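Welcome to a short set of exercises on one protein chain. Keep the sequence and the structure in view, and try each task before you read its solution.

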Amino acid sequence: MSKLVFLDTNILGMVTNPKNSNPICQQCKEWLDELPLKEYQIILPEIADYEVRRELLRAGKTSGIKRLDRLKTAITYLPITTSVMLLAASFWAEVRKTGKPTADAKSLDGDVILAAQAKIEELKGHQVIIVTTNVKHLSLFVDAREWQNIN
């Protein structure tokens, strides 16, 4: 059984931030560098790449895009599949029925797509943790933790 750490958009943004002067981003980068030493496999979900990349492209932040591309080649990139989207649709409908939506009704809702990717890997027998600064929505579906709380 592999120990997989999925990066949420907010964490991905911190570790690809080219400004080394931000102490929180620097701490997050150091934390990420230590994960393989603790036998965690770092996963870059396609939905997180998409959400960070689109904003970097919009803002013309080429150094951020380069850092994202380098990270994408250094860790495991996990593409979105049909089974992921089917499970995400199910997750989305479930939380809507309970009155606990994770995003606006017209939103694509990347959180449920990310949660579906993680859940499918969990069903394959992997230990899965999503690291995020937004535990509330993701923890409806899978193990989601603040990045500082992964040992």
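Buried means under 20% relative accessible area, exposed means over 50%, and partly exposed lies in between (1.4 Å probe, protein chains only). This is a predicted model, in which local features need pLDDT of at least 70 and side-chain atom pairs count only at pLDDT 80 or more, while totals for chains, interfaces and linings use all residues. Residues are numbered from 1 along each chain as its sequence is written, and side-chain values use heavy atoms, with hydrogens and water left out.

**Exercise 1. Take stock of the chain.**
Task: find how many helices and strands the chain has, and in what order they run.

Solution. Start with the rule: helices (H or I, at least four residues) and strands (E, at least two) are DSSP runs, numbered from the N terminus. By this rule the chain holds seven helices and five strands. Their order from the N terminus is β-α-α-β-α-α-β-α-α-β-α-β. Next, look at burial: of the 151 residues in the chain, 42% are buried.

**Exercise 2. Find the core.**
Task: say which residues have the most contacts inside the largest nonpolar core.

Solution. A nonpolar core is a set of buried Ala, Val, Leu, Ile, Met, Phe, Trp, Tyr and Cys residues joined through side-chain atoms within 4.5 Å. The largest one has 23 residues, and Leu7, Leu12, Trp31 and Leu32 have the most contacts inside it. Elements that give two or more residues to this core include strand E1 (3-7), helix H2 (23-34) and helix H3 (46-59). Apart from this core lies another, of 17 residues, with Ile43 and Phe91 among them.

Now take Leu32 and count contacts (heavy atoms within 4.5 Å). Leaving out residues up to four places away in sequence, Leu32 touches Leu7, Val15, Ile42 and Leu71.

**Exercise 3. Check a helix.**
Task: work out what span H3 should have, and compare its end C-alpha atoms.

Solution. The expected span of a helix is 1.5 Å times one less than its number of residues. H3 has 14 residues, so it should span 20 Å, and its end C-alpha atoms are indeed 20 Å apart. The buried residues of H3 are Ile47, Ala48, Asp49, Val52, Arg53 and Leu56. Among the elements that cover them are E1, H1, E2 and helix H6 (110-123). Just after H3, Gly60 takes a positive phi of about 70°.

**Exercise 4. Explore the largest pocket.**
Task: which element gives the most to the lining of the largest pocket?

Solution. On a 1 Å grid over the protein atoms alone, a pocket is an open set of points where a 1.4 Å probe fits, with protein on both sides within 12 Å along at least five of seven lines; lining residues have an atom within 4 Å of a point. H3 gives the most, with three residues. The lining includes Lys19, Val52, Glu55, Leu56 and Ser63. About 250 Å³ of space lies in this pocket, where a volume is the space filled by probe spheres set on the points, which are joined across faces, edges and corners.

**Exercise 5. Place one residue.**
Task: is Ser63 buried, exposed or partly exposed?

Solution. First locate Ser63: this residue is in helix H4. Its relative accessible area is 37%, so Ser63 is partly exposed. Finally, pair Ser63 with Lys19: they are 44 residues apart in sequence, and their C-alpha atoms are 9.8 Å apart in space.
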